[in-house]
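User: Could you take a close look at the largest nonpolar core of this one for me? I'd like to know which residues sit at its heart and how it fits into the rest of the chain.

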Amino acid sequence: MLYGVMRFGEYAAEWKAGQRDLGPASVRHLDSLLEHHVLPLLGSRRMDTFEHRVVEGFIRAMERAGVGLATQANAFDKLKAILLDAHRLGLFEDHPLAGVKPPQYDSKRAVIPSPEQLQQIRVAGDDRFWLIADLMSGCGMRNGEAAAVNLRNIVADDVYRITEQVNQTTGT
């Protein structure tokens, strides 16, 4: 099949099959970005119709849909990787990303709750919520790490080793 008339969804699937170095979590992340953000907007587009206005439209569509900046940046990075691969094959005379300003994720400084705010957070839920709030505030754990706490990871009287986390997508 000629790549130019191939649909983006088909090309992306072929490209993904070549990404043999990705770990299971990275594959899940890639699948999620493709399924929820990239393919619904671009999956049926022919590869030879990509240009910078198409990519700009993709970014604007994510903005209109209220997609968070971190997800926008990740989805753009995956689209960019796929289109760079196509560019290397000679599908585009002009690179479709030329002149495109990528979404800029600017992580703000973490806001640390005051002791009063933390007390309000603790009493807002049940005992499990209280425990997770204490693990996050007292040990600096992330949401998924605190949700995965278990006795197997206590490696000494005063040492808990974080080796697991709950995956938001799969719930495991």
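**The largest nonpolar core**

Analyst: The largest nonpolar core holds 28 residues, and F8, M47, F50 and L83 are the ones with the most contacts inside it. Four elements each give two or more residues to this core: α1 (8-17), α2 (24-42), α3 (52-64) and α4 (69-88). Of these, α4 hands over the largest share, with six residues. Bear in mind that this is a predicted model.

M47 is a good one to zoom in on. Leaving out residues up to four places away in sequence, M47 touches Y3, G4, M6, R7, F8, Y11, L83, A86, L91 and F92. Two of those partners, F8 and L83, are also on the list of residues with the most contacts inside the core.

Now for the setting. The protein chain has seven helices and two strands, and from the N terminus the order goes α-α-α-α-α-α-α-β-β. Of its 172 residues, 27% count as buried. As for overall shape, the C-alpha trace spans about 60 × 30 × 20 Å along its principal axes. The radius of gyration is 21 Å, while a compact globule of 172 residues would come in near 16 Å.

Contacts across the sequence are worth a look too: among those with a separation of 6 or more, 52% join residues 24 or more positions apart.

On the outside, the accessible surface comes to about 11,700 Å², and carbon and sulfur atoms own 51% of that. Charge-wise, the chain carries 20 positive and 22 negative side chains, with the centres of the two sets 3 Å apart.

Methods
Residues are numbered from 1 along each chain as its sequence is written. This is a predicted model: local features need pLDDT of at least 70, side-chain atom pairs count only at pLDDT 80 or more; totals for chains, interfaces and linings use all residues. Side-chain values use heavy atoms; hydrogens and water are left out. A nonpolar core is a set of buried Ala, Val, Leu, Ile, Met, Phe, Trp, Tyr and Cys residues joined through side-chain atoms within 4.5 Å. Buried means under 20% relative accessible area, exposed over 50%, partly exposed in between (1.4 Å probe, protein chains only). Contact means heavy atoms within 4.5 Å. The radius of gyration is taken over C-alpha atoms; the globule rule is 2.2 Å times the number of residues to the power 0.38. Accessible areas come from the Shrake-Rupley method with a 1.4 Å probe; for residues, only the protein chains shown count as cover. Lys and Arg count as positive and Asp and Glu as negative; His and the chain ends are not counted. The place of a charge is taken as NZ of Lys, CZ of Arg, CG of Asp or CD of Glu.
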